[in-house]
Amino acid sequence: GRWKKGEPLDFTKIFSAGEYGRKYYAGRRVWRGFSILAPASNLPAEYNDLRLDATYPPWVPCSGVVPNDVFRVHRDYYKGTPYDLTQGLIAGPWGTPNRYLLADKNPLGAAFERPISIYRTVFSYVAQARSR
């Protein structure tokens, strides 16, 4: 297999075929989730090769995470980061974080960030396990 007992587990290297489409297509979303739930982790937003460089660990220590924190992750569009989708010309006069592309055609030739709260996500679930 791709993993040997005694080696550190690198989930992305073992199970991923790499970024789909373009660089940062998925990895930036992983970074954002960690930066919200475990800001002290100080993980980099940029990397060379998400699959081969072990950029992000499979988990980071965080405490006090409640369902509202997870809801916040699901709603995120990089607000307050250098990748904030509500900023810039393409956000329009009302600062929309949505980037609608028609099929695979991109008339502007731009590469947009792909937020966790991408417009085509209709709904998401948050489950909380309790000891009671």
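This passage describes helix packing, salt bridges and surface features in a predicted model.

Two packed helices are described by the angle between their axes and the distance between the axes. Here the pair is helix α2, residues 27–37, and helix α3, residues 67–75. Their axes lie 10 Å apart and make an angle of about 150°. The crossing of α2 and α3 is right-handed. Helix α2 brings Arg32, Gly33, Ile36 and Leu37 to the contact. Helix α3 brings Asp69, Arg72 and Val73.

Side chains of opposite charge can pair when their charged atoms come close. A search of the whole structure finds two salt bridges. One is formed by the side chains of arginine 28 and glutamate 113, at 3.0 Å from N to O. Arginine 28 belongs to helix α2, whereas glutamate 113 lies in the segment after α3, so the bridge ties together parts that are 85 residues apart in sequence. Arginine 28 and glutamate 113 are both buried.

Another salt bridge joins the side chains of aspartate 76 and arginine 32, at 2.9 Å from N to O. This pair also links distant parts of the chain. Aspartate 76 sits in the segment after α3, and arginine 32 in helix α2, 44 residues away. Aspartate 76 is buried, as is arginine 32. Arginine 32 is also among the α2 residues that make the contact with α3.

The surface has its own features. Trp3, Leu9, Phe11, Phe15 and Trp59 make a nonpolar surface patch of about 610 Å². Within this group, phenylalanine 11 is found in helix α1, which covers residues 11–15. The relative accessible area of phenylalanine 11 is 48%, so the residue counts as partly exposed. The cut-off for exposed is over 50%.

Phenylalanine 123 is found in the segment after α3. Its relative accessibility is 58%, so phenylalanine 123 counts as exposed. Along the chain, phenylalanine 123 and histidine 74 are 49 residues apart. In space, their C-alpha atoms are separated by 9.5 Å.

The segment after α3 thus recurs in several places. Glutamate 113, in that segment, pairs with arginine 28 of helix α2. Aspartate 76, also in that segment, pairs with arginine 32 of helix α2. Phenylalanine 123 lies there too.

Key. Residues are numbered from 1 along each chain as its sequence is written. This is a predicted model: local features need pLDDT of at least 70, side-chain atom pairs count only at pLDDT 80 or more; totals for chains, interfaces and linings use all residues. Side-chain values use heavy atoms; hydrogens and water are left out. Patches are made of residues with over 30% relative accessible area and no salt bridge: like charges are joined within 9 Å, nonpolar side chains (Val, Leu, Ile, Met, Phe, Trp, Tyr) within 5 Å. Accessible areas come from the Shrake-Rupley method with a 1.4 Å probe; for residues, only the protein chains shown count as cover. A salt bridge is a side-chain nitrogen of Lys or Arg within 4 Å of a carboxyl oxygen of Asp or Glu. Helices (H or I, at least four residues) and strands (E, at least two) are DSSP runs, numbered from the N terminus. Buried means under 20% relative accessible area, exposed over 50%, partly exposed in between (1.4 Å probe, protein chains only). Axes are lines fitted to C-alpha atoms, for helices over the stretch in contact, and angles run from 0 to 180 degrees between N-to-C directions. A crossing is left-handed if the near helix is turned anticlockwise from the far one by less than a right angle, and right-handed if clockwise. Contact means heavy atoms within 4.5 Å.
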